[in-house]
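Here's a quick briefing to read alongside the model. Have the sequence and the 3D view open as you go.

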Amino acid sequence: MFLLFPVAYAKAPTAPVHEWTREELIQYAENEAVKAHISPERVIKVISCESQWNPSAKGDSDRSIGLVQIHLPSHPEITEKQALNPIFSIDFLISEWVKGKQSKWTCWRIYFS
């Protein structure tokens, strides 16, 4: 079927960005850690140390970003927008820990090395 005239599509409304509470983020991190067979207590402790659960946290002269302080120069494949997304950040931390890369996090080294 061909249209002989242009059709104007209304732009779909944008859903509001969910503002995660600290409690929701902790619950998400715990659940994902359990699924990945890593210690939820350690995940909680490291995130608490790295950002105090502030998804907008910036450290290391603004080179480490977000909830889990992703060091952007070390991860050029990750955008600042991704690093500031708390769910992306938790998923990233857990995926790195599953690979045995916990020592990337200063707070891991402080508490668990």
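What percentage of the 113 residues of the protein count as buried? The figure is 36%. Keep in mind that this is a predicted model. Below is a run through the fold, the sheet, the salt bridges and the disulfide.

**Overall layout**

- The protein has 5 helices and 3 strands, and walking from the N terminus you meet them as α-α-β-β-β-α-α-α.
- About 7600 Å² of the protein is exposed, with carbon and sulfur atoms supplying 57% of that area.
- Take the contacts between residues at least 6 apart in sequence: 41% of them join residues at least 24 apart.

**The sheet**

- The 3 strands make an open sheet, ordered β1-β2-β3, with antiparallel pairing.
- β1 (58–59) and β3 (70–71) sit at the edges with a single partner strand each, so one side of each has no neighbour in the sheet.
- Strand β2 (residues 64–65) is joined to β3 by 2 bridges, and the two run antiparallel.
- If you want to find that pairing in the viewer, look for S64, whose bridge partner in β3 is H71.
- As general background, strands of a sheet pair through backbone hydrogen bonds, either parallel or antiparallel.

**Salt bridges**

- The count comes to 5 salt bridges, and three of the pairs, K35 with E32, K58 with E80 and K104 with E96, are picked out here.
- K35 and E32 meet through their side chains, at 2.9 Å from N to O.
- That pair sits within helix α1 (residues 22–36), where being 3 residues apart puts K35 and E32 about one helical turn from each other.
- The two ends of this bridge sit in contrasting surroundings: K35 counts as exposed at 58% relative accessibility, whereas E32 counts as buried at 18%.
- K58 pairs with E80, and their closest N and O atoms are 2.9 Å apart.
- Here the bridge links a strand to a helix: K58 lies in β1 and E80 in helix α3 (residues 80–84), so the pair ties together parts 22 residues apart in sequence.
- K58 is partly exposed, with a relative accessible area of 43%, and E80 is also partly exposed, at 35%.
- K104 pairs with E96, with 2.4 Å between the closest N and O atoms.
- Salt bridges with shared partners join E96, K99 and K104 into one network.
- Within that network, E96 is buried, with a relative accessible area of 5%, while K104 is partly exposed at 39%.

**The disulfide**

- How many disulfides does a search of the whole structure find? It finds 1.
- That disulfide joins C49 to C107, with an S to S distance of 1.9 Å.
- C49 lies in helix α2 (residues 40–51) and C107 in helix α5 (residues 106–112), so the pair ties together parts that are 58 residues apart in sequence.
- Why is the disulfide of C49 and C107 called left-handed? The torsion about its S-S bond is about -65°, so the disulfide is left-handed.
- On the surface side of things, C49 counts as partly exposed at 22% relative accessibility, whereas C107 counts as buried at 5%.

Conventions:
Residues numbered from 1 in each chain as written. Predicted model: local features only at pLDDT ≥ 70, side-chain atom pairs only at ≥ 80, totals over all residues. Heavy atoms only, no water. Pairing = 2+ DSSP bridges. Helix = DSSP H or I, 4+ residues; strand = E, 2+ residues; numbered from the N terminus. Buried < 20%, exposed > 50% of the residue type's maximum accessible area, 1.4 Å probe, protein only. Contact = heavy atoms within 4.5 Å. Areas by Shrake-Rupley, 256 points an atom, 1.4 Å probe, with all protein chains shown as cover. Salt bridge = Lys/Arg side-chain N within 4 Å of Asp/Glu carboxyl O. Disulfide = S-S within 2.5 Å.
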